[in-house]
Amino acid sequence: MTGSLKPNTKTDIRIRRHEGTKVIPPGALVTWISTSCSKLVGVVLVASATIAIISAAPAEPQTAPGQATATAVTFTKDVLPIFQRSCVQCHRPGTAAPMSLLAYEDARPWARSIKERTVKRQMPPWHLDRSIGEYLDDPSLTDHEIATIARWVDSGAPKGNPADAPPPVNLAKLGEWAFGEPDLVVEMKQGFTLPVEGPDTYPSEIVDPGITEDRYVKWVQIIPTAYCCVHHSHVYVTIPDDADREGLALGMGSNTAQEVDLIEYAMGNDADFYPDGMAKKIPKGAKFRFAPHYHPWGKEIHDRQKVGIKFYPKGVVPKLVVTSHRLRTGVGNDWVLNRSRVEDLLLRKGYPLDLDEPRLPVGNLLDENTGNNAALLSIPPNTVARHERFYPMPQPGVIISFQPHMHFRGKRMLLEAIHLDGRREVLTDVPNYEQTWQITYTFKEPHLFPAGTILHVVSWHDNTAANPHNPDPTAWVGWGQRTMDEMGHGWTDIAWLTEEQYREELAKRANKRPITTTSQSQR
């Protein structure tokens, strides 16, 4: 019996023999076996008949690729809402992302890659420990969302019913700026052309932003045009000689005596956003100095950066001034390991030193910019190296955000607070750092601490072959400006308070805490 066969819809058993295929009802199976076997003996039995039992369950209808069953996870109903919330800010036309995720036709060819990157939590880029703290603009996926994407891919990545799709994303609202349209955009006039190869370069360009009155910054963002080659970039506000210095925090953090560090951009970063009542100040007549760090990346390209700024309304003067601090990790005990450098810096600051001083004299504190010049890193070959920094807060302050900055061997960075009573509180931990995604993690509620609290930053650098980004695990690596060197900056935005402001803020937060009561029946 040969030819096309239609299986019984209840239970069929197919018997394949040399002469063809038969469909045998279950009740006739024993009779068929008995009849067939009576004709066969010994080896002939084995050679002449093979019995194949196919599933006793009803056959399920086949689904064409890209189509879905009623219960399947589909792109339009289940996956697209996830992409719209967490992915399309970057994954859309006109950005540096390799593909758009706005439509099924764009996303489907990348389905396997999407599953791999989301399951490993490499995408969306959010590399911190999600069990510690809460943050603004958190794009990370829940375990359920990751499982949904995986099920969609495993089931053939079906499109689903177009009617199930959420409303399209308003691309005009996304724009190129993270928090909407800025009030002021200032662009390099000339920019810089980067060669195919060569050493790292650190040029500057000064631009007049046309600031005619003091303004206060709510958020600020740098956008380069040569994403591939910008290691990092700063925009500094150069203060006019006749400007009022009040509220500029000159000399604090990464501010110098003459410039305010307005923003630091690094690969994968976007904007710095300040809570209500906190700002950086730009005085009238100030100039902007673009200060990029470039690393050639195999092709000639021109970079012309721009900075966008959203101001507080005119006449609004925020209470607190924000300063940026690069809490730079090092080997520790610089007085022993790097004494000549520390002595030189202290003497230049006017501190009297005894040549036979056994330890660093108490009270001889270097400002942050000067102290950073003394820090050292030591990362031996084939080693995961740990460094740290202890920063005592000189006055009360609010910790707004944290951004790790390391290079290709960077692995992990942690920020914790050591309280006055010795308690240690981890504020954030970034165990999966990536050089190409140096994200600023902004706390949903900034942390408030009194003077004397110690901010403790710990960095880990992976100089082994297990690090896929490591250019040479056999090299010893130290601190340096070049991309091939290493750094350990814990960029931390802080708004400093007076003692009176600290007490006021402490009382305000205490009043916001929920009051729990125990009913009589619960006692």
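# A tour of the predicted model

Start in the largest nonpolar core. Of its 41 residues, select L262, I282, F288, V307 and I309, which touch the most other members. This is a predicted model. Now colour strand β9, residues 259-266. β9 gives this core its largest share, 4 residues. A general tendency is at work here: in soluble globular proteins, nonpolar side chains tend to be buried together.

Stay in the core and centre on I282. Leaving out residues up to four places away in sequence, I282 touches I211, E213, D214, R215, V217, V237, L262, F288, I309 and F311. Apart from this core lies another, of 23 residues. To find that second core, select M393, M413, L427 and V430, which are among its members.

**Next stop: V217**

Select V217, one of the contacts of I282. V217 sits in strand β7, residues 215-223. Is V217 buried or exposed? V217 is buried, at a relative accessible area of 0%. Show what surrounds V217. Beyond residues up to four places away in sequence, V217 touches L262, Y274, M278, A279, K280, I282, I309, K310, F311 and Y312. Now pick out Y312. V217 and Y312 are 95 residues apart in sequence, yet their C-alpha atoms are 6.2 Å apart in space.

**Next stop: strand β8**

Select residues 230-238, which form strand β8. Of the 9 residues in β8, 8 are buried, so the strand is mostly covered. Which strands pair with β8? One is β12, residues 287-294, which pairs with β8 in the antiparallel sense over 8 bridges. Look at H234 for an example: H234 stands opposite A291 in β12. The other is β9, which is joined to β8 by 7 bridges and also runs antiparallel to it. Here, select V235 and find its bridge partner in β9, I263.

**Next stop: helix α3**

Select residues 75-86 for helix α3. Show the side chains of F75, T76, V79, L80, I82, F83 and S86, which are buried. Where on α3 do these residues lie? They are on the same side of α3, because they cover an arc of only 165° around the axis. Now add α4 (104-107), α5 (111-119) and α6 (143-154), which are included in what covers the buried residues of α3. Before leaving, look at the N-terminal end of α3. T74 caps that end, with a side-chain oxygen 3.2 Å from the backbone nitrogen of K77.

**Next stop: helix α11**

Select residues 499-512 for helix α11. α11 has 14 residues and reaches 20 Å from its first C-alpha to its last, close to the 20 Å expected at 1.5 Å a residue. Highlight Y502, E505 and R509, which are buried in α11. Look down the axis: the buried residues of α11 fall within an arc of 70°, so they line one face of the helix. The general rule is that an α-helix has 3.6 residues a turn, so residues three or four places apart point the same way. Turn to the other side of α11, where E500, R503, K508 and N511 are exposed. Then show β18 (397-405) and β21 (441-449), against which the buried residues of α11 pack.

**Last stop: H489**

Select H489, in strand β24, residues 489-496. H489 is buried, with a relative accessible area of 6%. Which residues is H489 in contact with, aside from its neighbours within four places in sequence? The contacts are R326, L327, R328, Q403, P404, H405, M413 and W479. M413 has come up before, as one of the residues in the core of 23 residues.

Definitions and conventions
Residues numbered from 1 in each chain as written. Predicted model: local features only at pLDDT ≥ 70, side-chain atom pairs only at ≥ 80, totals over all residues. Heavy atoms only, no water. Helix = DSSP H or I, 4+ residues; strand = E, 2+ residues; numbered from the N terminus. Buried < 20%, exposed > 50% of the residue type's maximum accessible area, 1.4 Å probe, protein only. Contact = heavy atoms within 4.5 Å. Arc of directions from axis to C-beta. Polar contact = N/O pair within 3.5 Å; in protein donor to acceptor, adjacent residues only side chain to side chain. Core = buried A, V, L, I, M, F, W, Y, C linked by side-chain atoms within 4.5 Å. Pairing = 2+ DSSP bridges. Expected span 1.5 Å × (residues − 1).
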